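Q: I should like to learn how to read the features of a structure that is new to me. Could we proceed one feature at a time?

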Amino acid sequence: MKTHIIILTALFLSLQLNAQTHLQNDSLNIPVILVDGVEVQDIDSLKQDDIISVNVVKDKNILKYFYPRMGGVMCITTKSKKYLKPIQQKYFKQLEEAKKRRKKGVFLIR
């Protein structure tokens, strides 16, 4: 009787470990989604009419930058650039502020 309980317990634990390992491996196969060069979590807010092109990249040289997510890279190009415009606007605003703070004839080295 004790051997049956021990065998069933060992079998149950091994099934749990296999399930956990399987779930971890599946979570690493999540694709990276880049919309106009900006990484996003989901594409539910994109309209189908706004999409120009969709490319899927599974090159190992590119995937190493997104490690441990090895599900591939989905590159989507849109007409409206709605994810890229706020980043560009912030960059140009910071550039203008830096130009205003610049002192003539002074060089700063980082």
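Q: In which loop is Asp36 found?
A: The model is a predicted one. A loop is located by the elements on either side of it, and Asp36 is found in the loop between E1 and E2.

Q: How many helices and strands does the protein chain have, and what pattern does the chain follow along the sequence?
A: One begins by counting the elements and then reads their order. Here there are 3 helices and 4 strands. Read from start to end, the pattern is α-β-β-β-α-β-α.

Q: What share of the contacts in the protein chain with a separation of 6 or more comes from residues 24 or more positions apart?
A: The share shows how far along the sequence the contacting residues lie from one another. In this chain, residues 24 or more positions apart account for 67% of the contacts with a separation of 6 or more.

Q: How many salt bridges does a search of the whole structure find, and which residue pairs with Lys81?
A: A salt bridge is read from the distance between a side-chain nitrogen and a carboxyl oxygen, within 4 Å. The search finds 1 salt bridge. Lys81 forms it with Asp36, and their closest N and O atoms are 3.6 Å apart. The pair links distant parts of the chain, the two residues being 45 residues apart. Lys81 lies in the loop between strand E4 (73-78) and helix H3 (84-101), while Asp36 lies in the loop between strand E1 (32-35) and E2.

Q: Are Asp36 and Lys81 buried, partly exposed or exposed?
A: The class follows from the relative accessible area, with buried meaning under 20% and exposed meaning over 50%. Asp36 has a value of 12%, so this residue is buried. Lys81 has a value of 28% and is therefore partly exposed.

Q: What is the sign of phi in Asp36 and in Lys81?
A: Phi is a backbone angle, and its sign is read residue by residue. Asp36 has a positive phi, near 55°, in a residue other than glycine. Lys81 is not a glycine either, and its phi is positive at about 55°.

Q: Which side chain of opposite charge is nearest to Asp50, and which residues does Asp50 touch?
A: A charged residue may be examined for its partners and its surroundings. Asp50, in the loop between strand E2 (38-40) and strand E3 (51-57), is buried yet has no salt bridge. The nearest side chain of opposite charge is that of Lys79, 6.2 Å away. Leaving aside residues up to four places away in sequence, Asp50 touches Thr77, Thr78, Lys79 and Ser80.

Q: Which residues make up the largest nonpolar core?
A: In soluble globular proteins, nonpolar side chains tend to be buried together. In this structure the largest nonpolar core has 6 residues: Val32, Leu34, Val57, Leu63, Phe66 and Val73. Apart from this core lies another, of 5 residues, including Val35, Val40, Leu46 and Ile76.

Q: Which residues make the nonpolar surface patch of about 310 Å²?
A: Nonpolar side chains may also be sought at the surface. Tyr91, Phe92 and Leu95 make this patch. Leu95 belongs to helix H3 and, at 33% relative accessibility, counts as partly exposed.

Q: Which residues does the cis peptide bond join, and where is Pro68 placed?
A: The omega angle is the value to consult for a peptide bond. The cis bond joins Tyr67 and Pro68, with omega at about 15°. Pro68 has its place in the loop between helix H2 (60-63) and E4.

Note on methods
Residues are numbered from 1 along each chain as its sequence is written. This is a predicted model: local features need pLDDT of at least 70, side-chain atom pairs count only at pLDDT 80 or more; totals for chains, interfaces and linings use all residues. Side-chain values use heavy atoms; hydrogens and water are left out. Buried means under 20% relative accessible area, exposed over 50%, partly exposed in between (1.4 Å probe, protein chains only). Lys and Arg count as positive and Asp and Glu as negative; His and the chain ends are not counted. Contact means heavy atoms within 4.5 Å. A nonpolar core is a set of buried Ala, Val, Leu, Ile, Met, Phe, Trp, Tyr and Cys residues joined through side-chain atoms within 4.5 Å. Patches are made of residues with over 30% relative accessible area and no salt bridge: like charges are joined within 9 Å, nonpolar side chains (Val, Leu, Ile, Met, Phe, Trp, Tyr) within 5 Å. Accessible areas come from the Shrake-Rupley method with a 1.4 Å probe; for residues, only the protein chains shown count as cover.
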